[in-house]
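Q: I have a model open and want to walk through it. Can you take my questions as they come?

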Amino acid sequence: MSDVARRRFLQGAGALGAAGALGAGRASASSRYHWLSGDHHTHTQYSYDGMYTIEQQIRGALRYGTDWLVITDHGHASHEAHSVEATAADIRRAQRKFPQLLLWQGMEWNVPGAEHATLFFEDCHDEAGVLRDFERQFDWRLNGQEASSPANEKKALDAIRWLQTKIRNGTMKSALVFVNHPLRNGRVAPHELRNMRDLAPDIVVGMEGAPGAQGDGDPLRGPGGHRGGYANSPGSNSYAAYPPEAYKTYGGFDWMTAKLGGVWDSLLAEGLGWWITSNSDSHFNSRDTIVRVPEPGNQFDLHGKHLDPVDSGPPQVQPPYVDFFPCESSRTAVGATRRTRGAVMEGLRAGRAWVSHGGLVDDLRFSVHGSSGSAGLGERLCVRRGSTVTAQVKARLATRPNSAGFVPRLRRLDVVKGLVTGPASPETLSTPHVNVEQSYEPRWHYAVFTHTFRNVREPFYLRLRGTDGNRGAFEPQADTPGAANPWEDLWCYTNPIFVEVR
């Protein structure tokens, strides 16, 4: 009970009453944006381990309310040789056929010295040609630079510099890189994250807070194994300082994100942006009746493309991965000033995003307010020392069944506070200055909560997380076979808001 008391639970009625003190009519810092749901990590028949045509992937995504989508087929010798232009042609046809969807051709980059990352561009001249050049020069499946070593890590930084040059010379307006499933194999070290971010904070902006392939943990519709394929142990290329528990997911989220005061918080404590997303990593989707057709074993090697799959009627049985369609389970909601590709990329770059699993919430807004103004996700509020700052949470709870057939219930929202302490050692894995500042129990379909910080003396950041509470603990619990059903342990997270003090 002391832990509950420390967090000072507020019930819905009291919190709603407190919200009135913030002032009627004050606009939320997030109200001026279009909140668009999407996914930057999906695969098609142009991946060696994929299946869907681009149109099939799009139709599935639209079925679950996807507004924006990045096709990210794997870097691979056959992909570089055969797939890039073919994908580009399919993307162009799809953009004409489905104008309601903001669609990109990107790639899943095999990062030298590490594992995988999403890469995509804005307004790129000869996009396919630039992707091919990048893949040929900087993908470890093509250049043999997979091993963790200083030389290979330098190659990854050279790749980022190459992108910077393309932006400076006008080849593209911008590029984004997100690190995918960072601790699935423990092969991206904290110093690699910091080195890429510090080199190009407008390009390398964050990581998947939660991996795709969540359906791998489903015992009814999948194998009942590990969410996200996080079934690994340290290997020869893994970062040695990661503890054994780092190789698990917690409520479906990567240990870097889920661990209070862990790697994500240690990055934010430097006062610099590092944003999270949540994606499907869609290859073979749960309960889908579209199945791969028999083909020669060298089909992909020769053509860079699997044969078109067909709708067989019955669902596929024991696919190699159990994913979901984009926005069917994992959702990244981005605040965009317009419904354009560039505006979505700008929102992602700015950290204006929140993520959820299983339709846990329909909408989630988080802002901070002071005498100098307001700030929303990814933004900064600058206040005078000794000021009062009020955080406001607005949540619209789910009212419709998710794809598993039930209406999820959000049982708790936590406001997490971390101190901004400045630059850290490149290998830093944690920060002690993080706590759950306040927790709330929503009672209605729409709830507003506030929390006030008085006499603010030092810089800090705030982020929000929420849970369905089914695992019965304040902190996310490790997902293990038999206790990893993705529909029975749902979480949502926001990116942070920084409060600076002068």
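Q: Which strands each supply at least two residues of the lining of the largest pocket?
A: This is a predicted model, to start with. The strands are E2 (34-42) and E16 (361-370).

Q: What volume does the largest pocket have?
A: About 440 Å³.

Q: And how many residues line the largest pocket, and which lie nearest its centre?
A: The lining has 19 residues. Nearest the centre are Tyr 64, Arg 331, Gly 359, Asp 362 and Arg 400.

Q: Now closed spaces. How many cavities of 30 Å³ or more turn up in the whole structure?
A: Two. The largest cavity has a volume of about 60 Å³.

Q: Which residues line the largest cavity?
A: Glu 153, Ala 156, Leu 157, His 191, Glu 192, Asn 195 and Met 196. Helices H7 and H8 each supply at least two of the lining residues.

Q: Which element gives the most to that lining?
A: H8, with four residues.

Q: Stay on H8. Why call it largely enclosed by the rest of the structure?
A: Because seven of its 10 residues are buried. H8 covers residues 190-199.

Q: Which ones are buried in H8?
A: Pro 190, His 191, Glu 192, Leu 193, Arg 194, Met 196 and Arg 197.

Q: What do the buried residues of H8 pack against?
A: Two strands and three helices are worth naming here: E7 and E8, then H7, H9 (255-258) and H10 (263-268).

Q: Over to the sheet with E7 and E8. What is the strand order?
A: E5-E6-E7-E8-E11. The five strands form an open sheet with mixed pairing. E5 (107-110) and E11 (275-278) are the edge strands, and each pairs on one side only. On average, neighbouring strands are turned by 35° against each other, direction ignored.

Q: How do E5 and E6 run, and how many bridges join them?
A: They run antiparallel, joined by four bridges. E6 spans residues 116-122. One bridge puts Glu 108 with Thr 118 of E6.

Q: Which strands does helix H5 touch on that sheet?
A: E5 and E6. H5 (residues 127-138) packs on the sheet, and its direction makes about 20° with that of E5.

Q: And H7, which strands does it touch?
A: H7 (residues 150-168) packs on the sheet too, touching E5, E6, E7 (174-179) and E8 (204-210). Its direction makes about 155° with that of E7.

Q: Change of topic: cysteines. How many disulfides are there?
A: Zero. Cys 327 is in no disulfide, and the nearest cysteine sulfur, that of Cys 492, is 15 Å away. The cut-off for a disulfide is 2.5 Å between sulfur atoms, so that pair does not qualify.

Q: Is Cys 327 buried or exposed?
A: Buried, because its relative accessibility is 10% and the limit is 20%. Cys 382 is at 27%, so it counts as partly exposed.

Q: Where does Cys 492 point in strand E24?
A: One way with Thr 494, while Trp 491 and Tyr 493 point the other way. All four are buried. E24 covers residues 491-494.

Q: Which strand pairs with E24 through Val 355 and its neighbours, and in what sense?
A: E15 (residues 353-357), antiparallel, over three bridges. Val 355 stands opposite Tyr 493.

Q: What about E23 and E24, in what sense do they pair?
A: Antiparallel, again over three bridges. E23 spans residues 460-467. Gly 466 has Cys 492 as its bridge partner in E24.

Technical notes:
Residues numbered from 1 in each chain as written. Predicted model: local features only at pLDDT ≥ 70, side-chain atom pairs only at ≥ 80, totals over all residues. Heavy atoms only, no water. Buried < 20%, exposed > 50% of the residue type's maximum accessible area, 1.4 Å probe, protein only. Pairing = 2+ DSSP bridges. Axes fitted to C-alpha atoms, helices over the stretch in contact; angles between N-to-C directions. Contact = heavy atoms within 4.5 Å. 1 Å grid on protein atoms, 1.4 Å probe; cavity = no way out; pocket = protein on both sides within 12 Å on 5 of 7 lines; lining within 4 Å. Points joined across faces, edges and corners; volume = space filled by probe spheres on them.
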